[in-house]
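Please look over the sequence and the model shown below before reading on. The paragraphs that follow begin with a single residue and then move outward to the chain as a whole.

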Amino acid sequence: MNEGEATVAGNFIRQIIDGDNATGKHRGRVVTRFPPEPNGYLHIGHAKSICLNFGIAVDYKGTCNLRFDDTNPHKENVEYIESIKQDIHWLGYDWGDRLYYASNYFDRLYEIAVELIKAGKAYVCDLTADETREFRGTLTEAGKPSPYRERPVDENLELLQRMRAGEFEDGARVLRAKIDMASPNMNMRDPTLYRIRQGVIHHQTGESWCMYPMYDFTHPVSDALEGITHSICTLEFADHRPLYDWILENTSVPCHPQQIEFSRLNLEYTVMSKRKLTTLVDDGHVEGWDDPRMPTIAGLRRRGFTPESIRDFCTRIGISKSENTVQMGMLESCIREDLNANSQRRMAVLHPLKVVLTDYPKGQEQQLEVANHPQDESLGTRTVPFTGELYIDRQDFLETASKKFKRLVTGGEVRLRNAYVIRCDEVIKDAAGEIVELHCSYDPATLGANPEGRKVKGVIHWVSAKYGIEAEIRLYDRLFSQPAPDTSRDEKDFREYLNPDSLRTLTQSIVEPSLADAHPGERFQFEREGYFCVDLHQPEGSPMIFNRTVTLRDSWAKIEAQQKA
RNA sequence: UGGGACGUCGCCAAGCGGUAAGGCCCGGGGUUUUGAUCCCCGUAUGCGCAGGUUCGAAUCCUGCCGUCCCAGCCA
């Protein structure tokens, strides 16, 4: 962790670990794991878990394993595996040589299943899925025992062997733990341990298996085999903990990790479930998993977020067990803080309006040396060409305006950032009355100096018309128009809350020439506009594409809104 | 009286019986060739509610209220 990053004193999980270390529970060892199922791309909620698990490993001089929880091959593939590995590395964490798959343990898991059967603690059940549901009972009524519950050990053993041999179709039989059909905890009513999945090719084990272990069976065993000390997961698994413990207590595993639950991250104006994100991708509502509007790590990366800013976000939001919905402002604050300190400044005109300096000597050009950062000299300088024809932003000119408006108005003066003070003498309009050009004069004495005898309050940015280069600029806004699109209080599908203006593309923008050398992913502040980065998917031969990561804080926008109200 | 968990500022979140940290947001002021940054200042007499224990309670006890999760052969 860098010195600049905020540190949070502690959270309840670290307190548990401190307590364990104090009593010598794990002989001072701390081993965590991050266990994604490779059925989608990682999102900011996963980042919270990654920072927690890998962060704890770093701080306690322990280790954190990466383990793919690949027990449901139907939904999984290697593209997801690769993206997950890439995203964790990009975030700044490393699992060293501890890359595991739950499927690594399929043989061992099978042995343990046999063990459970021999101990009379598991049985093969022939009930259909529907029947199983009926027998399970309800939240308020106890379940009934399956008619196959008392199947003799030998028969169970033989049936399990035949399941493995592929003799039965999907759904024909399952292996179940024999626990308690009357338990108030649904998870303890003889949970399924194995189900049959014929004909799927598993991305790791190929066709060697036609039955796959369930999460509730696989997870505790995998944790124990890897010597995990603290198995951290989200709150919805709290009800599974008794089962997690039951598996560990009733099998011959080497240790008994402790499961600890914390609350998952919710972020306003987005969705965080893999199912919903998959829907957005599959239905074409976004360009893909790395669409800059997506809350995925890949999306945030393409949007221009830094790994540091995401880690900072994760430490700022903290870890607790309370339901929470974090405001976008929190994330934005993190990336602004990072980029403000570290990104070079450039000038870019998003909505160009031509300015002709009528008294600037014909043919004259100047190379202005300009600081790359107003507070940090170590970021150096660059040269920016100044010519008699320029572009400024249309939003920086008004024919008439209130005194609050400190930009260019007819007859008024304004400072061109890093250059001269100019005065607007004449507004040129086309037949339709649209402003097409401004004729201005400049004060040659104001380069690097304040004007004599008067104050000029406004400063606006500009680009030389002759040397500026065309660029495409993509302005992103929140993906959804509702703060909580997935907990809709009415019947609406979350997709109905998609923000139709989440992407605005500007194709006429002009950026300063030094940007021609920028490489994909490089980040800048476009002064007075926001932070932008060169898109990662830069098409050959077309104008450069810049993605807006986040705007600058804009107190003028607030004043404007107040004036209108 | 199904079970599990959670309720501290608009949003996160410390606090663990000694008199409410911090961050984000917000409001006010200052500096500024970015209406940015930066710097000051301000913002919970109160911790879901009601009782109780105590010299002292957000912290302990009791009872209510509210919210979230659980009936996949998903994870």
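Does Arg275 count as buried or exposed? In this predicted model, Arg275 counts as exposed because its relative accessibility is 57%, and the cut-off for that class is over 50%. Arg275 belongs to helix α9, which covers residues 274-282. Its C-alpha atom is separated by 31 Å from that of Gly166, a residue 109 positions away along the chain.

Turning to the whole of chain A, one finds 13 helices and 27 strands. The radius of gyration of chain A is 31 Å, whereas a compact globule of 565 residues would have a value near 24 Å. Along the principal axes, the C-alpha atoms fill a box of roughly 100 × 55 × 45 Å. Of the 565 residues in chain A, 53% are buried, and among contacts with a separation of 6 or more, 71% are between residues 24 or more positions apart. The area that chain A exposes is about 26100 Å², of which carbon and sulfur atoms supply 47%. As for charge, the chain carries 70 positive and 87 negative side chains, and the centres of these two sets lie 4 Å apart.

The interior can be approached through its nonpolar cores. In soluble globular proteins, nonpolar side chains tend to be buried together. The largest nonpolar core here has 38 residues, and within this core Ile88 and Phe313 touch the most other members. Two or more residues of this core come from each of α2 (44-59), β2 (63-68), α3 (78-91), α10 (297-303), α11 (307-317) and α12 (328-342), with α2 giving the largest share, six residues. If neighbours within four places in sequence are left aside, Ile88 is in contact with Phe34, Leu42, Ile50, Phe54, Leu66, Tyr93 and Trp95. A second core, separate from the one just described, has 35 residues, including Tyr110, Ala122, Ile247 and Val253.

Helix α7, which spans residues 215-225, offers another view of burial, for this helix is mostly covered, with nine of its 11 residues buried. The buried set consists of Asp216, Phe217, Thr218, His219, Pro220, Val221, Ser222, Asp223 and Ala224. After α7 comes Gly227, whose phi is positive, near 70 degrees. The reader may set this mostly covered helix beside Arg275 in α9, a residue that counts as exposed.

Notes: Residues are numbered from 1 along each chain as its sequence is written. Chains are lettered from A and ligands numbered from 1 in the order in which they are written. This is a predicted model: local features need pLDDT of at least 70, side-chain atom pairs count only at pLDDT 80 or more; totals for chains, interfaces and linings use all residues. Side-chain values use heavy atoms; hydrogens and water are left out. Helices (H or I, at least four residues) and strands (E, at least two) are DSSP runs, numbered from the N terminus. The radius of gyration is taken over C-alpha atoms; the globule rule is 2.2 Å times the number of residues to the power 0.38. Buried means under 20% relative accessible area, exposed over 50%, partly exposed in between (1.4 Å probe, protein chains only). Contact means heavy atoms within 4.5 Å. Accessible areas come from the Shrake-Rupley method with a 1.4 Å probe; for residues, only the protein chains shown count as cover. Lys and Arg count as positive and Asp and Glu as negative; His and the chain ends are not counted. The place of a charge is taken as NZ of Lys, CZ of Arg, CG of Asp or CD of Glu. A nonpolar core is a set of buried Ala, Val, Leu, Ile, Met, Phe, Trp, Tyr and Cys residues joined through side-chain atoms within 4.5 Å.
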